[in-house]
Amino acid sequence: MEPELPKRLTKHIDRVVTLASELARRHGADEARATLAAQGHDLVRHWSDEQWLAEAEARGIEVLPVDRANPVLLHGPIAAAILEERAWLSDPELVSAIRCHTTGHPSYTPEAWCMFLADKFEPNKLKRRPTLQRVADAAEVGLLEGALAYLELMEEDGQAKGWDIHPLQTETLAWLRSQVRAHA
Ligand SMILES: [Fe+2]
Ligand SMILES: [Fe+2]
């Protein structure tokens with residue numbers, strides 16, 4: 001693994017760190033922990049499909065058909081495994097936040113949601129895709145509201161484009177719907 005990340009990726013990570021801190025401050029989550037998760041989330045995002053698949057197989061990480069079709073889905077699980085192995089991140093909640101950062105997870109803590117959301121609508125992504133503004137607006141209201149808006153947008157996109165949806169994404173979306181509706 002190369003020790004240096006490409007500049008484009010470093011800049012994305014910096015924007016995610018900044019936005020994750022802002023979201024944590026706004027919603028009373030722990031800024032330092034949200035920042036740590038943000039710093040580690042894309043450790044291997046620059047790898048190739050072949051590298052992700054080979055590394056997942058070497059590490060015994062489960063590779064579902066949807067992962068095989070879209071190996072980028074493995075970059076979170078692989079980053080989590082490396083960070084844990086090198087003891088760069090010892091907090092199991094943050095490791096798990098990074099593992100699932102493409103789909104989210106029903107067990108996510110507020111800090112994990114801050115990182116997740118910051119990753120999805122950091123300023124460059126928002127500029128490239130203005131429909132993400134609805135995610136940013138919902139995230140002003142609450143972290144779960146923001147995550148729900150994002151996963152609903154992904155569901156719409158996936159259906160329109162005929163993409164496979166990761167089972168964990170479906171599970172997280174159902175959980176978010178139940179939570180946000182229960183508290184509406
Ligand atoms: Fe990522
Ligand atoms: Fe990212």
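**Two helix pairs and a loop residue**

Arg-33, Ala-34, Ala-37 and Ala-38 of α2 meet Glu-111, Ala-112, Cys-114, Met-115 and Ala-118 of α7. Contact here means C-beta atoms, placed from the backbone, within 7 Å. By class, this contact of α2 with α7 holds seven nonpolar, no polar and two charged residues. Ala, Val, Leu, Ile, Met, Phe, Trp, Tyr, Cys and Pro count as nonpolar; Asp, Glu, Lys and Arg as charged; the others, Gly among them, as polar.

The model is predicted: local features need pLDDT of at least 70, side-chain atom pairs count only at pLDDT 80 or more, and totals for chains, interfaces and linings use all residues. Residues are numbered from 1 along each chain as its sequence is written, while chains are lettered from A and ligands numbered from 1 in the order in which they are written.

Now the geometry. Helix α2 spans residues 31–40 and helix α7 residues 110–121; they pack at about 45°, with axes 8 Å apart. Helices are DSSP runs (H or I, at least four residues), numbered from the N terminus. Axes are lines fitted to C-alpha atoms over the stretch in contact, and angles run from 0 to 180 degrees between N-to-C directions. α2 and α7 are therefore oblique to each other. Oblique covers what is left after under 35 degrees (roughly parallel), over 145 (roughly antiparallel) and 65 to 115 (roughly perpendicular). The crossing of α2 past α7 is right-handed: the near helix is turned clockwise from the far one by less than a right angle, whereas anticlockwise would be left-handed.

Met-115 reaches beyond this pair. Leaving aside neighbours within four places in sequence, its contacts include Val-16, Ala-20, Ala-97 and His-101. The largest nonpolar core has 50 residues, and Ala-20, Cys-114, Met-115, Leu-117 and Ala-147 touch the most other members. Such a core joins buried Ala, Val, Leu, Ile, Met, Phe, Trp, Tyr and Cys residues through C-beta atoms within 7 Å.

Ala-147 leads to the second pair. Helices α10 (residues 143–161) and α11 (residues 167–182) have axes that come within 9 Å and cross at roughly 135°. That makes α10 oblique to α11. α10 passes α11 in a left-handed crossing. Among the contact residues are Leu-144, Ala-147 and Leu-151 of α10, and Leu-173, Leu-176 and Val-180 of α11. The full contact divides into eight nonpolar, three polar and three charged residues.

Last, Ile-61 lies in the loop between α3 (49–59) and α4 (65–69). Ile-61 is partly exposed, with 17 other C-beta atoms within 10 Å; 20 or more would make a residue buried, 12 or fewer exposed.
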